[in-house]
Amino acid sequence: MYISELEIKPKYFEFDMMGIIYHAHYLGWFEAGRTKLIEDLGLNYIHMEQAGYISPVQEMKVEYRKGIRYGDEVLLRTWIKENGGVKTVYSYEVLNGQGELCVLGNSVHYVVRREDFKPVQFKKTFPDWYARFAEASE
(Lines give C-alpha, C1' and ligand atoms only; values in the text may rest on other atoms or scores of the structure.)
Protein backbone atom coordinates (compact mmCIF):
# COMPACT_ATOMS: atom_id res chain seq x y z
CA MET A 1 0.00 0.00 0.00
CA TYR A 2 1.35 3.40 -0.98
CA ILE A 3 1.04 6.20 1.60
CA SER A 4 1.50 9.79 0.49
CA GLU A 5 2.93 12.20 3.06
CA LEU A 6 2.43 15.95 3.18
CA GLU A 7 4.04 18.27 5.71
CA ILE A 8 1.69 21.08 6.71
CA LYS A 9 2.58 24.33 8.43
CA PRO A 10 -0.66 25.48 10.07
CA LYS A 11 -1.46 29.12 9.55
CA TYR A 12 -2.52 31.40 12.38
CA PHE A 13 -6.01 31.92 10.91
CA GLU A 14 -6.68 28.15 11.07
CA PHE A 15 -6.76 28.17 14.88
CA ASP A 16 -9.82 28.79 16.99
CA MET A 17 -10.14 30.64 20.31
CA MET A 18 -9.10 27.47 22.18
CA GLY A 19 -5.73 27.55 20.40
CA ILE A 20 -6.33 24.40 18.35
CA ILE A 21 -7.02 23.92 14.64
CA TYR A 22 -10.65 24.70 13.88
CA HIS A 23 -12.26 21.38 12.93
CA ALA A 24 -13.39 22.40 9.42
CA HIS A 25 -9.82 23.09 8.27
CA TYR A 26 -9.03 19.37 8.34
CA LEU A 27 -11.33 18.92 5.33
CA GLY A 28 -9.14 21.28 3.29
CA TRP A 29 -6.05 19.44 4.47
CA PHE A 30 -7.61 16.14 3.37
CA GLU A 31 -8.22 17.61 -0.09
CA ALA A 32 -4.57 18.69 -0.26
CA GLY A 33 -3.58 15.14 0.73
CA ARG A 34 -5.76 13.58 -2.00
CA THR A 35 -4.30 15.96 -4.57
CA LYS A 36 -0.74 15.09 -3.54
CA LEU A 37 -1.50 11.36 -3.57
CA ILE A 38 -2.92 11.62 -7.09
CA GLU A 39 0.13 13.58 -8.23
CA ASP A 40 2.47 11.08 -6.52
CA LEU A 41 0.84 8.40 -8.67
CA GLY A 42 1.68 10.37 -11.81
CA LEU A 43 -1.87 11.59 -12.41
CA ASN A 44 -3.48 15.02 -12.44
CA TYR A 45 -7.05 15.79 -11.40
CA ILE A 46 -7.28 18.59 -13.97
CA HIS A 47 -7.10 15.97 -16.74
CA MET A 48 -10.23 14.33 -15.34
CA GLU A 49 -12.00 17.70 -15.33
CA GLN A 50 -10.85 18.47 -18.88
CA ALA A 51 -12.38 15.15 -19.97
CA GLY A 52 -15.73 16.32 -18.55
CA TYR A 53 -15.72 14.43 -15.25
CA ILE A 54 -15.36 15.32 -11.58
CA SER A 55 -15.02 13.30 -8.39
CA PRO A 56 -17.06 14.95 -5.62
CA VAL A 57 -17.08 13.93 -1.99
CA GLN A 58 -20.11 11.78 -1.17
CA GLU A 59 -19.28 11.14 2.48
CA MET A 60 -16.71 12.43 4.96
CA LYS A 61 -15.87 10.99 8.37
CA VAL A 62 -13.49 12.64 10.80
CA GLU A 63 -12.43 11.43 14.24
CA TYR A 64 -10.68 14.01 16.40
CA ARG A 65 -8.35 12.51 19.01
CA LYS A 66 -5.99 15.31 19.97
CA GLY A 67 -5.86 18.97 19.02
CA ILE A 68 -3.14 20.45 16.87
CA ARG A 69 -1.79 23.50 18.72
CA TYR A 70 -0.15 26.62 17.38
CA GLY A 71 3.51 25.88 16.64
CA ASP A 72 2.95 22.13 16.14
CA GLU A 73 4.48 20.48 13.12
CA VAL A 74 1.96 18.45 11.16
CA LEU A 75 2.27 15.39 8.94
CA LEU A 76 -0.73 14.31 6.86
CA ARG A 77 -0.69 10.74 5.58
CA THR A 78 -3.12 9.80 2.78
CA TRP A 79 -3.80 6.46 1.10
CA ILE A 80 -6.43 4.62 -0.91
CA LYS A 81 -8.43 2.43 1.44
CA GLU A 82 -10.83 1.07 -1.18
CA ASN A 83 -10.64 1.16 -4.96
CA GLY A 84 -13.87 -0.20 -6.36
CA GLY A 85 -15.02 -0.01 -9.94
CA VAL A 86 -17.29 2.90 -9.01
CA LYS A 87 -16.40 4.12 -5.50
CA THR A 88 -13.03 5.21 -4.10
CA VAL A 89 -12.40 5.58 -0.36
CA TYR A 90 -9.41 7.59 0.84
CA SER A 91 -8.05 7.43 4.40
CA TYR A 92 -6.16 10.09 6.30
CA GLU A 93 -4.04 10.38 9.43
CA VAL A 94 -2.88 13.67 10.92
CA LEU A 95 0.16 13.40 13.19
CA ASN A 96 1.75 16.12 15.27
CA GLY A 97 5.50 16.74 15.48
CA GLN A 98 5.85 14.14 18.23
CA GLY A 99 4.33 11.50 15.95
CA GLU A 100 1.08 11.38 17.95
CA LEU A 101 -2.07 10.50 16.02
CA CYS A 102 -4.36 13.51 16.29
CA VAL A 103 -7.03 13.01 13.61
CA LEU A 104 -8.31 10.08 11.52
CA GLY A 105 -10.51 10.47 8.48
CA ASN A 106 -12.10 8.81 5.47
CA SER A 107 -13.76 10.26 2.40
CA VAL A 108 -15.91 8.49 -0.19
CA HIS A 109 -15.83 9.68 -3.81
CA TYR A 110 -17.58 8.77 -7.05
CA VAL A 111 -16.65 9.86 -10.56
CA VAL A 112 -19.55 11.68 -12.22
CA ARG A 113 -20.14 13.48 -15.49
CA ARG A 114 -19.73 17.19 -14.89
CA GLU A 115 -22.74 18.09 -17.08
CA ASP A 116 -25.38 16.13 -15.12
CA PHE A 117 -23.60 14.56 -12.10
CA LYS A 118 -24.49 11.09 -13.38
CA PRO A 119 -22.12 8.49 -11.86
CA VAL A 120 -19.90 6.52 -14.22
CA GLN A 121 -17.81 3.42 -13.71
CA PHE A 122 -14.39 4.67 -12.68
CA LYS A 123 -12.81 1.42 -13.85
CA LYS A 124 -14.19 1.81 -17.40
CA THR A 125 -14.04 5.59 -17.80
CA PHE A 126 -10.48 6.01 -16.46
CA PRO A 127 -8.79 2.59 -16.74
CA ASP A 128 -5.29 4.05 -16.32
CA TRP A 129 -6.28 5.83 -13.09
CA TYR A 130 -8.04 2.71 -11.85
CA ALA A 131 -4.95 0.55 -12.49
CA ARG A 132 -2.63 2.97 -10.67
CA PHE A 133 -5.08 3.21 -7.76
CA ALA A 134 -5.25 -0.60 -7.63
CA GLU A 135 -1.45 -0.86 -7.47
CA ALA A 136 -1.25 1.84 -4.80
CA SER A 137 -3.92 0.22 -2.62
CA GLU A 138 -2.28 -3.23 -2.53
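Is Asp-40 buried or exposed, or does it count as something in between? The legends below describe a predicted model, and the first of them takes up this residue.

**Figure 1. Lys-36 and Asp-40 form a salt bridge in helix α1.** The helix covers residues 25–40. Within it, Lys-36 and Asp-40 are 4 residues apart, which is about one turn of the helix. Their side chains meet with a distance of 3.1 Å from N to O. Asp-40 counts as partly exposed, at 33% relative accessibility. Lys-36 is also partly exposed, and its relative accessible area is 25%.

**Figure 2. Strands β3 and β6 run antiparallel.** Strand β3 is made of residues 57–64, and strand β6 of residues 101–110. The two are joined by 7 bridges. One position to look for is Glu-59, whose bridge partner in β6 is Val-108.

**Figure 3. Strands β5 and β6 pair and form a hairpin.** Strand β5 spans residues 87–96 and pairs with β6 over 9 bridges, in the antiparallel sense. Thr-88 can be found opposite His-109, a residue of β6. Between the two strands of the hairpin there are 4 residues. In this hairpin Gly-99 has a positive phi, near 80 degrees.

**Figure 4. Lys-87 and Glu-82 are joined by a salt bridge.** The N to O distance between the two side chains is 3.8 Å. How much of each residue is accessible? For Lys-87 the relative accessibility is 27%, so this residue counts as partly exposed. Glu-82 has a relative accessible area of 35% and is likewise partly exposed.

**Figure 5. Glu-115 and Arg-113 are joined by a salt bridge.** Here the side chains meet at 4.0 Å, N to O. Glu-115 counts as exposed because its relative accessibility is 69%, and the cut-off for exposed is over 50%. Arg-113, with a relative accessible area of 27%, is partly exposed.

**Figure 6. Glu-5, Arg-77 and Glu-93 are linked in a network.** The links in this network are salt bridges. In the whole structure, a search finds 9 salt bridges. Among them are the pair Lys-36 and Asp-40, the pair Lys-87 and Glu-82, and the pair Glu-115 and Arg-113.

Note on methods. Residues numbered from 1 in each chain as written. Predicted model: local features only at pLDDT ≥ 70, side-chain atom pairs only at ≥ 80, totals over all residues. Heavy atoms only, no water. Pairing = 2+ DSSP bridges. Buried < 20%, exposed > 50% of the residue type's maximum accessible area, 1.4 Å probe, protein only.
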